[in-house]
Amino acid sequence: MKNYLSINDLGHLSQAVDEAIQLKKAPYHFKSLGAQKTLCLLFFNNSLRTRLSTQKAAMHLGMEVMVMNFGSEGWQLEFEDGTIMDQGKSEHIKEAAQVVSQFADVVAIRAFAGLQDKEKDEAEVVLNGFATYASIPVVNMESSVGHPLQALADAITIAEEKKSAKPKVVLSWAPHPKALPHAVANSFVQMMQLQDADFVITHPKGYELDPKITKDCKIVHDQEKALENANFVYVKNWSSYSHYGQVLTSDENWMMTQEKLGNAKFMHCLPVRRNVVVEDAVLDGNQSLVIEQANNRTFAAQLVLKRILTS
């Protein structure tokens, strides 16, 4: 595997999940694999789980890690070809990616959607800029339209927790005071399309995700109907896709409650706003898997790095 830009880069998902679960049992078994190798983490946006879990994964494999936060430390990068750089941006992606390639063996990028220009976000200018001009493998730590490390961690969590061969999994929109990107939801949908599961998406009208991604998915606008007999409920906010980046409604009735959850396991990528997205009783109850999901972020990243190093 040269790059990890999307969940589809893994090939057979169930094999990847099984391999990650084996890594979890013996995290340092492949510690010599990354000896004298360096992972460079470039953050254009904030992070907690992604940064720490990816660093930990690299340490398990014996890699050195360098971290740079572009918001406060790096030069502003230009991504357009043929531009006259006489404004605020000081360095072009063409040079930056080649320079980083001299200092590291793998580079991982985190760069969120701006939610202002759909075409620009879907072009993935930061991630694809590095994938184009870097001479080393590139890992997606969340981009404008995808978060494949989170999706892999979610797949690991479901595999560990499911009680039936074909569970019912529901992805439910939830209210949020800010406009949030589609990346987590997009990758979760793409991951579930590779699973043998009864998968349902539920959200208010107007919050449809990219139809190219949700094609053939079951979508129900009645949340309580969608939640009937669910085994796993994944809750996430996202802004409108059709009215790009807008918050059309903050209907608090879509908040996840213990009553709605029933006997299902609760999932969320974190961070989460308590008593806005989900009530305390759910997060603090024994049906919540959010801490397990966060822990599995390490082994998702470790699986990806291991495959890159061995290829």
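Start by selecting strand β5 (residues 106-110) and strand β6 (residues 138-140): the two run parallel and are joined by three bridges. Keep in mind as you click around that this is a predicted model.

**Stop 1: β5 and its neighbours**

With β6 still showing, put V107 and V138 on screen as sticks; V138 of β6 stands opposite V107. Now bring in the other partner, strand β1 (residues 38-43), which pairs with β5 in the parallel sense over five bridges. Here the pair to pick out is L39 and V106, which stand opposite each other.

Is β5 mostly covered or mostly open? Colour the strand by accessibility and you'll find it mostly covered, with five of its five residues buried. Show the side chains to see how they split: V106, A108 and R110 point one way, while V107 and I109 point the other way. Note that R110 is on the buried list along with the rest.

**Stop 2: the five-strand sheet**

Next, select the strands β9, β8, β7, β10 and β11. In that order they make an open sheet with parallel pairing. Which strands stand at the edges? Those are β9 (218-220) and β11, and each has a single partner strand, so one side of each has no neighbour in the sheet. Look down the sheet and you can follow the twist, which averages 25° from one strand to the next.

Zoom in on strand β7 (residues 168-173) and strand β8 (residues 198-202), a parallel pair held over five bridges. A handy landmark is V169, whose bridge partner in β8 is F199. Then add helix α7 (residues 183-192), which packs on this sheet and touches β7, β8 and β10 (232-236). The direction of α7 makes about 165° with that of β7.

**Stop 3: α1 against α6**

Hide the sheet and select helix α1 (residues 13-25) with helix α6 (residues 148-161). Their axes are 10 Å apart and the helices pack at an angle of about 80°, so α1 and α6 are roughly perpendicular to each other. Which residues make the contact? From α1, show L13, V17, A20, I21 and K24; from α6, show L152, A155, I156, A159 and E160. Sorted by class, that contact has eight nonpolar residues, two charged ones and no polar ones.

**Stop 4: A300 in α12**

Now click on A300, which lies in helix α12. Buried or exposed? A300 is buried, because its relative accessible area is 0%. Leave aside the neighbours within four places in sequence, and A300 is in contact with L149, L152, A153 and I156. Two of those names should ring a bell: L152 and I156 also take part in the contact with α1.

While you're here, draw a C-alpha to C-alpha distance from A300 to A20. These two residues are 6.3 Å apart in space yet 280 residues apart in sequence.

**Stop 5: salt bridges**

Side chains of opposite charge can pair when their charged atoms come close. How many salt bridges does a search of the whole structure find? There are eight, and three make good stops.

- Select E19 and K306, whose side chains meet in a salt bridge at 2.8 Å, N to O. This one links distant parts of the chain, with E19 in α1 and K306 in helix α12 (residues 290-310), 287 residues apart. E19 is partly exposed at 21% relative accessible area, whereas K306 counts as buried at 12%.
- Move to D210 and K212, where the closest N and O atoms are 3.2 Å apart. The two ends sit in contrasting settings: D210 is buried, at 7% relative accessible area, and K212 counts as exposed, at 61%.
- Finish with D284 and R274, with 2.9 Å between the closest N and O atoms. D284 is in the loop between α11 (280-283) and α12, and R274 is in the loop between β11 (265-267) and α11, so this pair ties together parts that are ten residues apart in sequence. D284 is exposed at 55% relative accessible area, and R274 is partly exposed at 41%.

Before you close the viewer, add R307 to the picture: E19, K306 and R307 are joined into one network by salt bridges that share partners.

Key:
Residues numbered from 1 in each chain as written. Predicted model: local features only at pLDDT ≥ 70, side-chain atom pairs only at ≥ 80, totals over all residues. Heavy atoms only, no water. Axes fitted to C-alpha atoms, helices over the stretch in contact; angles between N-to-C directions. Helix = DSSP H or I, 4+ residues; strand = E, 2+ residues; numbered from the N terminus. Parallel < 35°, antiparallel > 145°, perpendicular 65-115°, else oblique. Contact = heavy atoms within 4.5 Å. Nonpolar A, V, L, I, M, F, W, Y, C, P; charged D, E, K, R; others polar. Salt bridge = Lys/Arg side-chain N within 4 Å of Asp/Glu carboxyl O. Buried < 20%, exposed > 50% of the residue type's maximum accessible area, 1.4 Å probe, protein only. Pairing = 2+ DSSP bridges.
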